[in-house]
Amino acid sequence: MKRIIANVMAEETRLVVVDKANELVDIAFHRQSQEELINHIYKGTVRNVLPGMSAAFVDIGENQNAYLNLKQGKQTKSMGKLFVGQHVLVQVVKEEMLGKGARVSADISLAGRFMVLLPYSEGLHISKRITDSAQRNVLTAMAEPYLARGCGLILRTAAAQAAPADLQADIEYLWNTWVQLQNRFKVAKGGTKLYGDADFWFRVLRDYAAADVGEIIVDDEKAYDRLRELLALTKLDGRIDLIHYEERTPIFKAWPIEEQLDTLTTNRVELPSGGYLQIDSTEALTVIDVNSAHFTGANSSAPTMRASEVAVAVNKEAAVMIAKQIRLRDIGGIIICDFIDMPKKVQRDALLEELGKLTRTDRVKTVVCGITSLGLVEMTRKRERKGIQSLLFDDCSSCGGTGLLLSAETVYLQILRRLRELHRLGRLKTDVQIDVHPEVARYFTKQGLAELSKELKRTIKVSSESTGSREAYSLLALDE
């Protein structure tokens with residue numbers, strides 16, 4: 001059985017799901033300073049309509065106007081031609097990130113413990129993880145009466161363990177919430193939040209407390225009390241054991257979790273064979289490169305291994321690790337994987353099939369699209385929230401997020417170019433002291449400074465500072 005372990009502070013909650021071997025399976029971070037907008041519902045005001053892009057920008061009362069794609073979603077398409085100033089009921093489907101406003105949809109969905117209510121849709125959809133046909137038939141029969149209200153329903157995996165009374169209570173709560181939403185929309189001002197998603201601990205039970213989770217361990221008394229209340233409310237207290245951790249050793253040190261979290265902050269991930277993954281993210285996509293490093297596959301029982309066999313062995317390991325890393329790091333959007341080249345089509349097809357199986361266990365929709373003509377595996381993963389990289393890191397103030405700094409020689413040449421430019425413009429009216437990083441100062445030799453002083457007809461001195469960026473320098477005028 002899996003267990004949920006939570007480290008709680010007033011400012012941040014870190015939660016992990018681990019398996020029997022205490023290996024990370026899933027992660028959730030929650031910071032009080034950063035309110036999540038996902039699933040919140042607003043009475044928005046249309047501020048701009050772009051017919052050429054089939055899009056509109058909607059004021060929902062947040063920092064930036066939200067983006068509404070008019071070509072996606074049944075209700076969105078049926079709204080017809082929008083106009084500036086029009087009020088619309090929208091739900092956030094993607095957080096603000098990468099300098100862009102939130103993405104919203106007019107297709108409202110309300111998530112409960114066992115189901116999701118789709119007010120503007122019709123029909124019943126049952127989780128694909130419920131595979132037993134008899135059980136699916138039972139759930140279909142239980143849900144039929146509620147579909148007559150003119151709505152759609154998605155039955156979650158948890159519905160397989162629910163009693164009829166639980167399903168009824170869930171649908172009644174969601175339906176009443178929808179009725180209240182419509183009433184609030186009529187009287188609220190534009191830019192008002194009408195509905196907020198459940199609190200963090202309820203979302204934990206809803207999204208992470210699957211049937212294979214048997215224990216929750218938390219190191220905070222208030223969180224423990226809230227979870228105990230929710231477990232009783234959702235009738236999970238008989239299945240999941242709740243433990244209040246009170247030992248002096250930090251909870252993430254008592255289990256080998258802190259070390260595993262540290263590995264998620266690097267872009268290199270080691271594979272058991274000795275190979276490794278290189279993970280690099282850009283605004284447009286994430287690239288994962290598979291490297292065999294020094295692995296040859298040779299051992300005492302098999303002293304030699306062909307290159308194709310090495311590729312298959314490393315790629316199998318890489319597929320398992322890729323599925324795990326994109327889940328733990330919450331990588332979303334387009335993902336390109338450069339596996340080691342395998343010449344046989346049957347090997348490539350087997351890799352795609354295996355990767356598809358591994359990603360189907362992800363709670364976030366992940367699609368393995370196929371292999372391009374260049375041998376790159378294309379994947380997409382639904383992006384809703386900020387990934388761990390954008391949550392834990394800011395762009396480097398020195399390199400601007402590129403991960404690269406100008407070489408010392410390049411900075412040296414920039415300084416020479418700037419001095420000569422000032423000389424040509426007649427603005428070099430005094431002797432000059434150049435303050436630079438020590439790595440750059442090494443390029444200013446005595447002979448070079450003498451020749452530069454002669455060329456510019458000014459005395460040029462260099463001072464090196466051990467602090468600051470290599471790319472930073474100052475030109476200071478010396479008193480005549």
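This dialogue walks through a helix pair and a sheet in a predicted model.

Trainee: At what angle do the axes of helix α8 and helix α9 cross?

Mentor: Start with the general idea: angles under 35 degrees count as roughly parallel. Here α8 spans residues 307-328 and α9 spans residues 345-359. Their axes cross at roughly 25° and come within 9 Å. The two helices are therefore roughly parallel to each other.

Trainee: Is the crossing of α8 and α9 left-handed or right-handed?

Mentor: The crossing is right-handed.

Trainee: Which residues make the contact?

Mentor: On α8, look at Val312, Asn315, Ala319, Val320, Ala323 and Ile326. On α9, look at Gln347, Leu351, Leu355, Leu358 and Thr359. By class, the contact has 8 nonpolar and 3 polar residues, and no charged ones.

Trainee: Now the sheet. In what order do the 4 strands stand?

Mentor: Read across an open sheet by its strand order. Here that order is β9-β10-β12-β11, with mixed pairing. Strands β9 (110-111) and β11 (123-126) are at the edges. Each has a single partner strand, so one side of each lacks a neighbour in the sheet.

Trainee: How many bridges join β9 to β10?

Mentor: There are 2 bridges, and the two strands run antiparallel. Strand β10 covers residues 115-118. For one pairing, find Ala111: its bridge partner in β10 is Val116.

Trainee: Which strands does helix α2 lie across, and which does helix α3?

Mentor: Helix α2 (residues 133-147) lies across β11 and β12 (152-155). Its angle to β11 is about 145°. Helix α3 (residues 164-187) lies across β9, β10 and β12. Helix α3 runs at about 35° to β10.

Terms used:
Residues are numbered from 1 along each chain as its sequence is written. This is a predicted model: local features need pLDDT of at least 70, side-chain atom pairs count only at pLDDT 80 or more; totals for chains, interfaces and linings use all residues. Side-chain values use heavy atoms; hydrogens and water are left out. Axes are lines fitted to C-alpha atoms, for helices over the stretch in contact, and angles run from 0 to 180 degrees between N-to-C directions. Angles under 35 degrees count as roughly parallel, over 145 as roughly antiparallel, 65 to 115 as roughly perpendicular and the rest as oblique. A crossing is left-handed if the near helix is turned anticlockwise from the far one by less than a right angle, and right-handed if clockwise. Contact means heavy atoms within 4.5 Å. Ala, Val, Leu, Ile, Met, Phe, Trp, Tyr, Cys and Pro count as nonpolar, Asp, Glu, Lys and Arg as charged, and the others, Gly among them, as polar. Two strands pair if DSSP finds at least two bridges between them.
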